[in-house]
Number of protein chains: 2
Amino acid sequence: MSGSPTDVEPLDVLGVGNALLDVLSPTPDEFLDRHGLVKGSMALIDAQQATSLYEEMGPATEQSGGSAANTVVGVASLGGASAFIGRVRDDTLGDVFAHDIRAAGVRFDTTPATAGQPTGRCLILVTPDAERTLNTFLGAAAELRVDDVTASLVEAAAVIYLEGYLFDQPDAKEAFRHAAAAAHRAGRQVALSLSDTFCVERHRMDFLALVEHDVDLLFGNDGELCALYEVERLGDALDLTRRHCPVAAITLGADGSLVVSPEGVAEIPVHPVPGGVVDTTGAGDLYAAGFLYGFTHGQEPGACGRLGAVAASEVISHLGARPERSLAEFAASLGS
Amino acid sequence: MSGSPTDVEPLDVLGVGNALLDVLSPTPDEFLDRHGLVKGSMALIDAQQATSLYEEMGPATEQSGGSAANTVVGVASLGGASAFIGRVRDDTLGDVFAHDIRAAGVRFDTTPATAGQPTGRCLILVTPDAERTLNTFLGAAAELRVDDVTASLVEAAAVIYLEGYLFDQPDAKEAFRHAAAAAHRAGRQVALSLSDTFCVERHRMDFLALVEHDVDLLFGNDGELCALYEVERLGDALDLTRRHCPVAAITLGADGSLVVSPEGVAEIPVHPVPGGVVDTTGAGDLYAAGFLYGFTHGQEPGACGRLGAVAASEVISHLGARPERSLAEFAASLGS
């Protein structure tokens with residue numbers, strides 16, 4: 001870890017994750033079947049697979065993405081102070097990622113790689129049911145190292161938010177553990193997103209150790225939580241979660257979310273999307289953004305969940321995982 | 001001109017224009033005022049201006065664009081056979097442009113430049129009134145040459161559609177004139193889009209000569225047509241148009257369009273957008289797409305205008321100038 005502790009303003013949330021450009025394309029279900037892709041999940045692909053899948057995809061839209069990056073952009077859009085740590089390359093897509101996250105008001109200082117893989121991208125197939133299927137070529141994002149996790153940023157942030165997808169890279173996982181330890185030494189809180197069922201299955205023991213010892217605030221969906229504890233019933237998974245994590249926010253898709261805290265379990269309905277759901281990409285990331293904004297602004301757990309639902313409802317009303325309008329104004333217009 | 005006439009299937013429309021990536025960003029009106037930008041118009045900017053404007057813009061979405069390119073993508077989405085001629089560089093954005101237009105079903109064979117300026121881009125500021133303000137760095141698009149206009153494509157297309165924006169580059173203008181002459185020699189029809197009021201003012205005499213002698217089908221809006229003839233009343237401009245052009249389709253924004261033909265003037269209302277207009281980028285381009293599809297499929301002028309209105313209504317319902325769903329299915333669902 002490195003740091004220049006003098007120049008950092010207090011932060012609400014510091015996100016650590018994969019810096020990715022999203023390549024979003026509306027796609028028929030038949031395309032997933034033909035390519036053996038599992039709807040709703042994230043698959044890691046290499047450069048060659050990315051090229052061949054892209055060639056077969058339809059016309060696309062490019063937009064900055066990355067799970068934790070989307071979350072800290074959401075926090076900033078709600079009016080919070082946030083920063084991001086993640087690796088791009090010094091190439092066109094890296095410039096786009098850096099421009100977008102800074103223009104959204106997020107502090108982003110990670111030095112771009114000057115050699116090695118190009119900036120990572122996520123090929124996102126959006127089926128007519130608004131579900132998204134992710135195919136990620138990590139590229140430069142996989143080169144995140146312990147040294148990239150600036151101590152001064154970790155110490156300045158009320159919550160450090162870590163993306164489970166990072167567990168797919170040994171060095172990034174190491175950076176992740178160091179960040180969690182540094183946050184706790186500084187009296188800060190550690191939040192973790194489980195990210196994806198298959199990701200949890202690939203790294204179950206590592207996730208369990210982290211959740212049992214280091215996580216103050218856990219995000220995931222029902223499938224991911226059941227995979228973590230290898231149980232079939234969500235209730236059993238929730239009972240196990242409560243033994244280790246002070247607070248957990250579990251999303252249930254169209255059924256809303258559950259917020260587990262020492263006060264009990266609050267059921268939060270989804271916030272309606274008047275024009276219909278267009279693309280669920282970023283739904284969990286923006287739910288976490290709303291929750292974290294509330295959490296770092298003294299709101300009680302149920303209110304945090306409701307703000308999460310509001311933020312998620314904006315991002316699923318259009319293509320792409322970044323908000324298209326000020327979430328602070330949107331929430332205010334709803335009285336949230 | 002060059003050509004290998006043996007391998008070209010018959011085409012409905014061949015578009016010739018600027019190959020550009022759009023960089024779309026929702027922007028407050030105040031930003032336009034501060035930068036002295038004229039709302040609704042297109043300004044040409046150089047590489048340095050593009051860099052400094054981009055730095056000040058908010059988070060953006062990247063999507064393939066270019067006026068004539070959008071039109072031929074619309075023709076393909078309606079089920080027509082179309083091709084495009086325009087220049088990109090062999091860089092990341094050039095690869096994206098080529099992928100998107102081919103994935104949309106449009107033939108695109110123009111060899112990318114291997115040196116010189118990077119692929120062109122258009123920085124598009126979308127204000128809350130859904131109006132778009134364009135700032136174009138032409139880059140490699142400006143290097144279009146006579147040799148790029150493949151004779152076999154011109155001869156294969158029922159209509160060649162030329163984008164007025166090309167008139168800003170002398171070599172491209174020359175390519176444009178050659179293409180029109182070749183089309184007429186092959187018994188094909190020539191369509192021209194006036195593109196932008198300021199563009200018309202910059203090249204008025206050249207446009208007039210082309211409209212009087214070479215254009216079979218003219219596209220423009222009321223402001224552009226009045227600028228072409230230097231008259232204040234649209235009725236006067238229409239009278240002058242009818243002396244030279246067999247058919248003209250003049251868009252009037254929210255007031256719909258007028259289709260001028262030997263049969264008279266048909267007034268076409270706009271097609272409603274149930275969720276409200278989000279971004280007018282591409283409205284004129286997609287109107288032209290619907291019109292040209294009808295025109296090349298034996299429809300009478302009023303029906304062509306109505307199909308134009310339907311295609312435009314899809315593209316203004318979301319961010320970006322390319323259709324997000326099959327226009328053939330959309331039109332069929334409306335009984336168009």
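How do β4(A) and strand β4 of chain B pair, and over how many bridges? They pair in the antiparallel sense, over 3 bridges. Keep in mind that this is a predicted model; the predictor gives the complex an ipTM of 0.92 and a pTM of 0.93. That strand pairing sits in the middle of the story below, since β4(A) and β4(B) stand side by side in an open sheet of 10 strands with members from both chains.

**Confidence**

- Chain A comes with a mean pLDDT of 94, and 98% of its residues reach 70 or more.
- The weak spot to know about is residues 1–5 of chain A, where pLDDT stays under 50. The model still has 16 contacts beyond four places in sequence for that stretch.
- Where pLDDT is low, the predicted coordinates should not be read in detail.

**Chain A overall**

- Chain A has 336 residues and a radius of gyration of 18 Å, which agrees with the value near 20 Å that a compact globule of that length would have.
- Its C-alpha atoms fill a box of roughly 50 × 45 × 40 Å along the principal axes.
- On secondary structure, count 13 helices and 14 strands for chain A.
- Buried residues make up 56% of chain A.
- If you look at contacts in chain A with a separation of 6 or more, 77% of them come from residues 24 or more positions apart.

**Where the chains meet**

- On the chain A side, 22 residues are in contact with chain B, and 22 residues of chain B are in contact with chain A.
- Two elements of chain A give two or more residues to that side: β4 (61–64) and α4 (92–103).
- Of the elements in chain A, α4(A) gives the most, with 6 residues.
- By residue type, the chain A side divides into 9 nonpolar, 8 polar and 5 charged.
- For a concrete pair across the two chains, Q63(A) has T61(B) in β4(B) as its bridge partner.
- Over in chain B, helix α4 (residues 92–103) lies across β4 of chain A together with β2 (20–26), β4 and β7 of chain B. That helix runs at about 60° to β4(B).

**The sheet that both chains share**

- The strand order is β3(A)-β8(A)-β7(A)-β2(A)-β4(A)-β4(B)-β2(B)-β7(B)-β8(B)-β3(B), and the pairing is mixed.
- The edges belong to β3 (42–44) of chain A and β3 (42–44) of chain B; each has a single partner strand, so one side of each is left without a neighbour in the sheet.
- Ignoring direction, neighbouring strands here are turned by 25° against each other on average.
- Within chain B, strand β7 (residues 120–126) and strand β8 (residues 132–137) run antiparallel and are joined by 6 bridges. Here R121(B) stands opposite F137(B) in β8(B).
- Within chain A, helix α2 (residues 47–56) lies across β2 (20–26), β7 (119–126) and β8 (132–139), and runs at about 40° to β7(A).

**The 9-strand sheet of chain B**

- This one is also open and mixed, with its 9 strands in the order β6-β5-β1-β9-β10-β11-β12-β13-β14.
- β6 (107–108) and β14 (264–268) of chain B are the edge strands; with a single partner strand each, they have one side left without a neighbour in the sheet.
- Why call β1(B) largely enclosed by the rest of the structure? Because 6 of the 6 residues of β1(B) are buried.
- On one flank, strand β1 (residues 11–16) of chain B pairs in the parallel sense with strand β5 (residues 82–85) of chain B over 4 bridges. In β5(B), V16(B) has I85(B) as its bridge partner, while G15(B) has F84(B).
- β1(B) also runs parallel to strand β9 (residues 157–163) of chain B, joined by 5 bridges. L14(B) has I160(B) in β9(B) as its bridge partner.
- Helix α9 (residues 222–229) of chain B lies across β11 (217–221) and β12 (247–251), running at about 110° to β11(B).

**One residue to look up: H178(B)**

- You'll find H178(B) in helix α6 (residues 170–185) of chain B.
- H178(B) counts as partly exposed because it has 17 C-beta neighbours inside 10 Å.
- D33(B) lies 145 residues away from H178(B) along the chain, and their C-alpha atoms are separated by 40 Å.

Conventions. Residues numbered from 1 in each chain as written. Chains lettered and ligands numbered in written order. Predicted model: local features only at pLDDT ≥ 70, side-chain atom pairs only at ≥ 80, totals over all residues. Buried ≥ 20, exposed ≤ 12 C-beta atoms within 10 Å, placed from the backbone. Rg over C-alpha atoms; globule rule 2.2 N^0.38 Å. Contact = placed C-beta atoms within 7 Å. pLDDT = per-residue confidence, 0-100. Nonpolar A, V, L, I, M, F, W, Y, C, P; charged D, E, K, R; others polar. Pairing = 2+ DSSP bridges. Axes fitted to C-alpha atoms, helices over the stretch in contact; angles between N-to-C directions.
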